[in-house]
Amino acid sequence: MLWINLTGIVLIALIIWWFWLYKEQSIRIAEGSLEILVKDGIYQPSHIKIRANEERQIVFHRADATPCAEMLSIPELDISERLPLNKKTVISLPRLPAGEYAFHCQMQMYKGKITVQ
Amino acid sequence: MLTETRFIIEGASCASCVNKIEAALNNLPRVDRAEMNFAQRVVTVIGDASVSNIIEAVEKAGYKAKLDDSDSEQEALDEKEKADWQYYKKLMREMAVALSLGVPLMIYSLLVGEMTVTTNTERLVWLTVGLLTLGVMFFAGKHFYVGAWNSFKNHSANMDTLIALGTGTAWLYSMVVVFAPDIVPLMARHVYFEATAMIIGLINLGLALEIKARGKTSEAIKRLIGLQAKTARAIRDGKDVDIPIEQVLLDDLIRVRPGEKISVDGMVVEGHSTVDESMLTGEPMPVEKTQGEEVVAGTINKSGSIIFKATRVGKDTALAQIINMVKRAQNSKPPIGRLADVISAYFVPVVMIIAVISALVWLNFGPSPAVAYAIVSATTVLIIACPCALGLATPMSVMVGVGKAAEAGVLIRNGEALQTASKITTMILDKTGTITEGAPKVTDVLLAPGQNEKQVLMLASSIEAGSEHPLAMAIVESAKAKNIEPKKVTQFSSIAGQGVEAKFEEDTLLFGNEKLMKQRDIDISDYIEKAQGLASEAKTPMYFAVNSSLVAVIAVADPIKTDSIDAIKRLQNNGIRVVMLTGDNRSTAKAVAEKAGITEFVAEVMPEDKANKVAEYQSMGEIVGMTGDGINDAPALAHADVGFAIGTGTDVAIESADITLMRGSLHGLADAIAVSKATLTNIKQNLFGAFIYNVAGIPFAAGVLYPFFGLLLSPVIAGAAMAFSSLTVVTNANRLRLFKAKEH
């Protein structure tokens with residue numbers, strides 16, 4: 001039983017680490033056009049990094065028919081856009097101060113973030 | 001599936017450019033086909049190439065390209081419905097496959113009993129069933145597993161994760177029992193293939209029904225989009241030509257016959273008719289339209305034939321703006337939904353941890369066969385938890401509520417305005433144009449001895465012609481009605497909240513209220529009583545002096561709108577404190593307020609002080625709504641907790657307003673508050689339901705009731721509950737569609 005309990009505790013620790021404590025390796029600041037593919041339950045890439053105080057456009061390409069993928073929301077920027085299936089939708093970002101801006105679908109099944117540096 | 005993307009091309013001036021652009025794009029990797037429409041300067045690219053690669057290729061060919069995401073609303077809606085229908089059919093197919101295995105297994109388990117593995121024959125049979133279940137998992141549940149794996153790689157978890165883990169655990173455990181029964185205690189040698197197949201089938205069914213129900217939540221926007229005409233009858237080279245609405249240009253002359261739809265916004269240049277604007281404003285009475293008056297796209301010409309000049313086309317029409325505003329508001333989230341968002345962000349990993357703890361508790365303290373109980377409880381916890389119901393609770397209700405408001409001619413800017421409107425305790429109403437018609441008329445002209453009415457009205461209309469105040473316009477109109485034309489004045493200046501002054505030839509003209517006259521030491525003592533008498537009849541008396549001598553008192557009255565009294569009563573019956581705000585003198589204000597059924601009023605308020613008055617009420621702890629015309633009252637509207645702009649059908653999306661009432665009636669105000677209250681109640685029901693479902697369901701699934709009542713939930717029941725919990729939220733939101741504001 002000891003081993004089973006230990007395995008369970010390790011499993012819990014892994015869940016906490018993997019989903020909450022894990023820090024991504026640094027990603028490059030994106031240059032040029034940014035395109036995010038909405039497919040198979042995720043945004044690809046789900047984390048993008050852009051420069052502060054630069055107007056940028058992100059193209060969302062929805063290739064996932066599930067209704068969950070339909071709405072894109074960037075709550076802090078008050079952006080909420082419907083993504084038509086198999087089409088590319090341009091989201092224009094204003095000049096942003098440094099910080100992290102989460103984006104997700106209506107039910108938060110799809111999650112991503114924009115790091116502004 | 002290949003993606004079709006359209007780009008607008010700049011710089012293509014000849015047909016040969018088409019070949020050059022098409023060749024440049026067709027040579028790109030990941031482009032299946034590129035076709036250019038030269039007339040529209042649009043190239044359609046079919047393939048997976050990135051937007052930047054396509055734009056770069058076009059630029060290398062010597063042109064410019066930009067992504068065109070300007071599908072018409074109708075096209076976008078049709079495509080969405082088509083995509084939803086395809087996805088619905090796919091889910092139903094998958095559901096049918098999953099249940100065709102799950103249901104017989106379920107019946108077998110109910111009729112025959114435990115599905116255990118004890119003999120080699122049973123092993124062989126269950127191995128076959130296990131492989132069939134694997135097939136079901138692959139065919140009908142692939143999207144859950146792919147989604148879960150992708151999310152996992154991204155360090156995030158969602159509903160797919162829970163379903164994949166739940167069904168995967170049940171299947172893997174069953175396969176262990178089949179392949180290596182010896183490592184599992186004898187009593188725990190059950191297989192749970194039926195649970196895996198049933199859960200996948202039921203969740204697909206739930207998702208399919210949810211798509212159907214979701215479609216109904218956007219009926220209001222569909223109706224608005226449906227109002228758009230597809231063609232217009234333009235007069236070109238003296239001939240009537242039917243053209244697609246996209247081809248209507250500014251200043252085109254459009255002919256509309258009785259019963260036809262107005263295609264774009266414009267101004268009537270010929271003819272006379274009545275137009276039904278109820279679909280936009282909620283105002284049931286048709287509106288008369290003659291030369292010089294505006295017509296709005298989407299409304300219906302009723303009685304006569306008219307020709308109008310297009311003044312706003314495409315995305316600039318009032319209807320297009322309404323659709324845009326409603327769509328944005330439907331997608332916005334009121335603050336009440338934020339807690340659900342925070343919970344959703346942590347929900348799935350927490351459920352996974354609860355599942356592990358639950359399994360450990362069963363393994364440590366559970367009865368025999370503890371392994372089986374542990375597996376069942378962990379699987380059930382994973383399956384019953386429903387983050388989707390939480391995520392859907394707020395947006396679905398907002399979608400229906402905002403749409404419902406739009407149907408009543410009420411445009412709500414965002415979710416926050418919707419939520420705050422439901423909590424308003426004090427409603428401040430501007431008098432002119434809000435409670436009253438906003439079209440005052442001259443009722444009395446009291447002349448000083450020796451004065452001539454015609455001369456007085458000429459001078460009065462001359463000075464007032466420079467003012468945009470509704471009272472000034474009444475004087476100008478009254479003079480015009482008597483064929484008196486205003487003359488040009490000089491040195492015109494406006495004294496805020498008091499009046500105007502100007503020079504006419506050598507004479508100094510001063511027109512305004514009692515305060516202004518007293519400030520300029522003009523003797524009005526003989527007229528104060530008479531003026532008060534007029535004010536007590538809800539008329540606004542104004543003094544007119546020439547060269548510092550009073551020449552006349554002119555009274556103007558602005559009739560109260562026919563339904564203002566009823567609408568104000570509706571607000572008061574809802575426990576809202578109604579306050580009238582006006583620049584009028586106290587006596588007039590009192591008389592108007594009494595007529596309108598308002599007991600509290602603030603008179604002689606300068607335009608710039610309106611915002612301060614709003615702040616005063618806010619400092620008393622009131623949640624203040626301010627209703628005005630959206631132009632003169634912009635600062636007060638912006639200062640209020642919710643600013644309501646009262647429009648006239650075409651004045652949509654007034655910037656300073658949180659909520660725009662497209663018809664002039666104050667019933668729109670009461671409707672807006674009623675619909676926001678109903679929506680908030682609906683959101684609360686949804687959130688409560690979703691919270692309670694998870695808070696009660698997860699411990700039940702973990703087996704907290706087992707020690708007391710011997711109750712342990714089956715994973716199949718959990719799957720059904722989970723599948724229908726989201727559906728319940730969407731269905732409850734759809735109940736809002738039945739909401740009807742009561743005009744009494």
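This is a short exchange about chain B and one of its residues, B:Asn301, in a predicted model.

Trainee: What makes chain B more spread out than a compact globule?
Mentor: Its radius of gyration, taken over C-alpha atoms, is 35 Å, and the globule rule gives 27 Å for 744 residues, so chain B counts as more spread out than a compact globule. That rule is 2.2 Å times the number of residues to the power 0.38. The C-alpha trace spans about 125 × 75 × 45 Å along its principal axes.

Trainee: Why is B:Asn301 called buried?
Mentor: Buried means under 20% relative accessible area, exposed over 50%, and partly exposed in between, with a 1.4 Å probe and protein chains only. B:Asn301 has 0% relative accessibility, so the residue is buried. Of the 744 residues in chain B, 54% are buried.

Trainee: What does the side chain of B:Asn301 reach at 3.2 Å?
Mentor: The backbone oxygen of B:Val256. A polar contact is a pair of N or O atoms within 3.5 Å; within protein, one must be able to donate a hydrogen and the other to accept it, and residues adjacent in sequence count only if both atoms are side-chain atoms.

Trainee: Which residues is B:Asn301 in contact with, leaving aside neighbours within four places in sequence?
Mentor: Contact means heavy atoms within 4.5 Å. Among them are B:Val256, B:Pro258, B:Thr274 and B:Ile306.

Trainee: How are residues numbered, and what limits apply?
Mentor: Numbering runs from 1 along each chain as its sequence is written, and chains are lettered from A. Local features need pLDDT of at least 70, side-chain atom pairs count only at pLDDT 80 or more, and side-chain values use heavy atoms.
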